[in-house]
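Student: Could you take me through one part of this model slowly, and then show me what lies around it? I'd like one connected story rather than a list.

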Number of protein chains: 2
Amino acid sequence: MDIPRYRKIQNMLKSKIQQGSYGVGDHLPSENQLCSIFNITRTTARKALEELQKEGFIERIKGKGSIVRERRKSLGLLNVKGFSEAVGRNVSTIFLQEPALRPWITGFPFPLTDSERQSPCIHFERLRTVGEDPVMLENNWFSGKTLPGFLQSGFEEDSFFKTLSKKYMIEIKGSEQELKALPANEKVSRLLKVKPSGPVLQISIRFTTCNPEFFIYSELICNTMKYPIGNRYFL
Amino acid sequence: MDIPRYRKIQNMLKSKIQQGSYGVGDHLPSENQLCSIFNITRTTARKALEELQKEGFIERIKGKGSIVRERRKSLGLLNVKGFSEAVGRNVSTIFLQEPALRPWITGFPFPLTDSERQSPCIHFERLRTVGEDPVMLENNWFSGKTLPGFLQSGFEEDSFFKTLSKKYMIEIKGSEQELKALPANEKVSRLLKVKPSGPVLQISIRFTTCNPEFFIYSELICNTMKYPIGNRYFL
DNA sequence: AAAACATACTTGTACGTACAAGTTATTTGA
DNA sequence: TCAAATAACTTGTACGTACAAGTATGTTTT
């Protein structure tokens, strides 16, 4: 395998948390326990737990242990993996514009690189709903040259980021975001069911990937009245 | 000293970046160079660089090195230390309500602990401006019992968080945030100079500290038209 | 009964070593 | 001349060790 050991243990513990085997407030196995369970050194066990801490699943307290934190109900900002796994199962997605080659829009909040500007981009637009409530209007753009065959084949498991990972081995390494509260225009007002010029939250994101030349640009417009955006941050 | 070695090196490199000794795109000393410069092991050097990466100052690329990232112009969300150091020097702060003992407000987005509810809180309200533009209305609440003498003495270096650190040895360990786009009420409209019921961004934060019983609650209401809120995230 | 101490846990810091794997520049060979 | 191999860097993973420091639970002492 080329997946590192610490990451396997991290993922294994993560799914146990997500499945409820470890509930909020529960102690994960201590570093030394993980060592003997998995036959690893403390360095590796620590790395796995530190990653879970970065992701906000656990809190680590000196002298006590690694404790499962309360999970957020609201959509996760900064959770790199999109939001289908963050919010639950009653989420549906409608394509307003299927993926296609289109020119870059003007006035994007992040500067494009020269090589990006030279050719058109792939773009698609989706509307995300939770139950009956439209919650988020999502636009995605990226260079049309980097992902051959993307337009021909569909998404893996309906997830854009999983498709990137499985078909193209592209992993998200980070993101820059810009947040603005804006009045909804006619289209947004209609789609998100907010009153005209009612406040919506616009999140402009530039995702950086393991390919340093390849970026993904997203614009999310959110109706935060029912579903506020949440996030966590831990040292 | 009880400040760990890696943190000293981290802070030393951070201030060099902030002062411009290392510009955007520059390479920081490699792990092995840091080892010989400071007489430390690679474990310690790595820890310092990993922390800088978490804070968003550098990017670390296998085979290449640790490279200084572009700095954001906009206010840093998630930058634990408040924003006086993030945005520059032309920032001024006006107290609308000086720190005083007041009852907890109702309808706070985060649940209070039992011990917090039992006694009133310390609260203050500030208006932050950049140049001539009012940018952020800030309210802070925290338990009145934990910080003896807080109301009698002023802030250290005009910074709330520096006061917590220097006088009370309280360090911020993390935060939970909730973001909402809202219509401005009369007060907000007047103070932030946005039109009535114009969109503003409300950020509700619960800071966790090294004292597991002590939380700081903040509510920021931002005029994001001129100064959007930005943040970064890196694995 | 209450305080002090001891013990056995936990995570945090720091040392040292080894090899894997990506990047870049140089050298070698056809 | 050009391509392949090499060397010299970089960060990533993983091993092992040691001690510091915080927490909890006893046990002893007062």
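Tutor: Sure, let's start with a small hairpin. S1(A) and S2(A) run antiparallel and are joined by 4 bridges. Two strands count as paired if DSSP finds at least two bridges between them. The helices (H or I, at least four residues) and strands (E, at least two) I mention are DSSP runs, numbered from the N terminus. Within this hairpin, Arg60(A) has Ser66(A) of S2(A) as its bridge partner. There are 3 residues between the two strands, and Gly63(A) takes a positive phi near 85 degrees in this hairpin. One general point for reading any strand: in a regular one, the side chains alternate between the two faces of the sheet.

Before we go on, a word on what you're looking at. This is a predicted model, where local features need pLDDT of at least 70, side-chain atom pairs count only at pLDDT 80 or more, and totals for chains, interfaces and linings use all residues. Residues are numbered from 1 along each chain as its sequence is written, chains are lettered from A and ligands numbered from 1 in the order in which they are written, and side-chain values use heavy atoms, with hydrogens and water left out.

Now, what is around that hairpin? Start with DNA strand C. It has 25 residues around it, and those that come nearest are Arg42(A), Arg60(A), Arg5(B), Thr41(B) and Thr44(B). So that you can check this yourself: a residue is near a strand if one of its heavy atoms lies within 4 Å of it. Arg60(A), our bridge partner of Ser66(A), is one of those nearest residues. On the chain A side, helix H2 (31–38), H3, strand S1 (58–61) and strand S2 (65–68) each supply at least two residues of this surface, and helix H1 (5–19) and H3 do likewise on the chain B side. H3(B) gives the most, with 4 residues. By class, the surface near DNA strand C has 4 nonpolar, 10 polar and 11 charged residues. Here Ala, Val, Leu, Ile, Met, Phe, Trp, Tyr, Cys and Pro count as nonpolar, Asp, Glu, Lys and Arg as charged, and the others, Gly among them, as polar.

Zoom in on some atoms. The side chain of Arg42(A) has an N or O atom 2.7 Å from a base nitrogen of DNA strand C. A polar side-chain atom of Thr44(B) is 2.4 Å from a phosphate oxygen of DNA strand C. Sugar or phosphate accounts for 72% of the atoms of DNA strand C within 4 Å of the protein, and bases for the rest.

Next, turn to DNA strand D. This one is surrounded by 24 residues, and the closest are Arg5(A), Thr41(A), Thr44(A), Ser30(B) and Arg60(B). For DNA strand D, 73% of the atoms within 4 Å of the protein belong to sugar or phosphate. Tyr6(A) has a polar side-chain atom 2.9 Å from a phosphate oxygen of DNA strand D, while a side-chain N or O atom of Thr43(A) is 3.2 Å from a base nitrogen of DNA strand D. H3(A) gives the most to this surface, with 4 residues. The classes near DNA strand D are 4 nonpolar, 9 polar and 11 charged.

Finally, how do the two protein chains meet? 35 residues of chain A are in contact (heavy atoms within 4.5 Å) with 35 residues of chain B. About 3400 Å² is buried between chain A and chain B, with carbon and sulfur atoms giving 54%. Buried area is the accessible area (1.4 Å probe) that two parts lose on being put together, summed over both. There are 2 salt bridges between the chains, each being a side-chain nitrogen of Lys or Arg within 4 Å of a carboxyl oxygen of Asp or Glu. Arg69(A) forms a salt bridge with Glu176(B), their closest N and O atoms being 3.3 Å apart. S7(A) brings the largest share of the side of chain A that touches chain B, 12 residues. Strands pair across the chains too: S10(A) and strand S7 (residues 172–183) of chain B run antiparallel, joined by 6 bridges. In that pairing, Arg232(A) stands opposite Glu176(B).

Terms used: Polar contact = N/O pair within 3.5 Å; in protein donor to acceptor, adjacent residues only side chain to side chain.
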